[in-house]
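Here's a quick tour of a model you can spin around as you read. We'll start with the whole chain and work down to a few odd backbone spots.

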Amino acid sequence: MKILVTGAAGFIGSNLAEKLLKRGDTVVGLDNFNDYYDPAKKRANEARLNAYPAFRMVEDDIRHRQAMFDLFENEKFDAVAHLAAMAGVRNAVKYPDLYVEVDLNGSQHLMDAARATGVGNFVLASTSSVYGNTKQIPFVETDPCDRPLQPYAAAKRAAEILAYTYHYLFQQNITVVRFFTVYGPNGRPDMMAYLVAESAAKGVQIPLYDNGQMWRDWTYVEDITDGVAAAIDRPLGYEIINLGRGEPTLLADFVGYIEELAGRKANVVSKPRLSADFVKNNADISKARRLLGYNPQVSVREGVARFWEWYAANCL
Ligand SMILES: NC(=O)c1ccc[n+]([C@@H]2O[C@H](COP(=O)([O-])OP(=O)(O)OC[C@H]3O[C@@H](n4cnc5c(N)ncnc54)[C@H](O)[C@@H]3O)[C@@H](O)[C@H]2O)c1
């Protein structure tokens, strides 16, 4: 298959692209290499992918509507895995317009271009943040998700809803996959796993919200990319599917696992929980198991060990 992976220079996108290349797909990556975090990390991901002859990176922006149409017209993709986004819940509170432009309007350009060129299947990356402070735990896809806590979640939810409209009007196959707190090799430097590693290894001071008394459904990136690859392979009409591990871990414990491996305490400063943050996320993954054959393999202990191994080899 010829697959477009947007956000291919990023954390999950680069891991996904590599998985698809290893199994024999042709992959076109698309990324704008923005500086939300150090673009050198994105260039390193690109370099890793460039080692595969069936890979090519296009440096462009999903906000450029005509450029997206031209790309789709020239390439004739079989499937799209749309992972490009402005991520980061706290940054979204500062720059809501950017999040709507990229995560909603940019996604619309891609859905339009996919429709115009007859792409068979479109996988749209979304987030557990859309559940906000729902009382329905574990989080299940039938939740209305109409009370997002910040513009990132609101824009992602809006894109999910727009995807339904495209499916309804044009019979497009669109599967929305909601990721739960992903961590692992090539991880984002603004996310907790990486921050704690930096702090324990180098003494960098980091905030610890609510004394780590928050629960997160940490999900190892290989499990997530397995789920996305399965979604690419199975056009389902329109579905929303949680991809998590289904076993939340206390943030304080997660921090402790990394400290154990580092052999040092992280340098944390306690901060009150932000209103943009939810207290607990916890995936019900029965739908993913049923529709995608999804079966997460990597325990948090094992995943943290693999993450630390990568961090120690690449970032120290
Ligand atoms: N990491 C997580 O825990 C997590 C959780 C839930 C959902 N997600 C979603 O998964 C996807 C991938 O996230 P990630 O953690 O790999 O983040 P990331 O920031 O590492 O990757 C996103 C990539 O998209 C690119 N991008 C951003 N705006 C763009 C634009 N306008 N045009 C082209 N490229 C653009 C960025 O340069 C980046 O390389 C995102 O859609 C994110 O919302 C991630």
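## The whole chain

The chain's secondary structure adds up to 11 helices and 13 strands. Its radius of gyration is 19 Å, close to the 20 Å that the globule rule gives for 316 residues, so the chain is as compact as a globular protein of that length. Bear in mind that this is a predicted model.

If you're setting up a box, the C-alpha trace spans about 55 × 45 × 35 Å along its principal axes. Buried residues account for 50% of the 316 residues in the chain. Take the contacts between residues at least 6 apart in sequence: 83% of them join residues at least 24 apart.

## The nonpolar core

The largest nonpolar core has 101 residues, and V80 and I258 are the ones with the most contacts inside it. What does I258 touch, once its neighbours within four places in sequence are left aside? The list is A193, V196, A197, A200, V304 and W308.

## Around the ligand

There are 28 residues around the ligand, and G7, G10, F11, A85 and F179 come nearest. The elements giving two or more residues to this shell are α1 (11-22), β2 (26-31), α5 (96-116) and β5 (121-127). Of these, α1 gives the most, with three residues.

As for chemistry, the shell residues split into 15 nonpolar, eight polar and five charged.

## L16 in helix α1

The helix α1 also holds L16. Is L16 buried or exposed? It has 29 C-beta neighbours inside 10 Å, so it counts as buried.

Setting aside neighbours within four places in sequence, L16 is in contact with V5, A81, L83, T225 and V228. L16 also sits 8.1 Å from D226, C-alpha to C-alpha, although the two are 210 residues apart in sequence.

## Strand β6

Now for β6, which covers residues 174-179. Six of its six residues are buried, so the strand is largely enclosed by the rest of the structure. In a regular strand, side chains alternate between the two faces of the sheet. Here I174, V176 and R178 point one way from β6, while T175, V177 and F179 point the other way, and all are buried. That puts the charged R178 among the buried residues of the strand. F179, at the end of the strand's range, is also one of the residues that come nearest to the ligand.

β6 pairs with β5 in the parallel sense, over six bridges. One pairing to look up: L124 has V176 in β6 as its bridge partner.

## Backbone oddities

Most residues other than glycine have a negative phi, and most peptide bonds are trans. A few places in this model depart from that pattern. One is the peptide bond joining I137 and P138, which is cis, with omega about 0°. P138 is placed in the loop between β5 and α6 (151-170).

The next is F33, a residue other than glycine with a positive phi, near 50°. You'll find F33 in the loop between β2 and α2 (39-50). With 16 C-beta neighbours inside 10 Å, F33 counts as partly exposed.

Then there's T181, also a residue other than glycine, whose phi is positive and near 30°. T181 lies in the loop between β6 and β7 (182-183). Unlike F33, which is partly exposed, T181 counts as buried, because it has 23 C-beta neighbours inside 10 Å.

Note on methods
Residues are numbered from 1 along each chain as its sequence is written. This is a predicted model: local features need pLDDT of at least 70, side-chain atom pairs count only at pLDDT 80 or more; totals for chains, interfaces and linings use all residues. A nonpolar core is a set of buried Ala, Val, Leu, Ile, Met, Phe, Trp, Tyr and Cys residues joined through C-beta atoms within 7 Å. A residue is buried if 20 or more other C-beta atoms lie within 10 Å of its own, exposed if 12 or fewer, and partly exposed in between; C-beta atoms are placed from the backbone. Two residues are in contact if their C-beta atoms, placed from the backbone, lie within 7 Å. A residue is near a molecule or strand if its C-beta atom, placed from the backbone, lies within 6 Å of it. Helices (H or I, at least four residues) and strands (E, at least two) are DSSP runs, numbered from the N terminus. The radius of gyration is taken over C-alpha atoms; the globule rule is 2.2 Å times the number of residues to the power 0.38. Two strands pair if DSSP finds at least two bridges between them.
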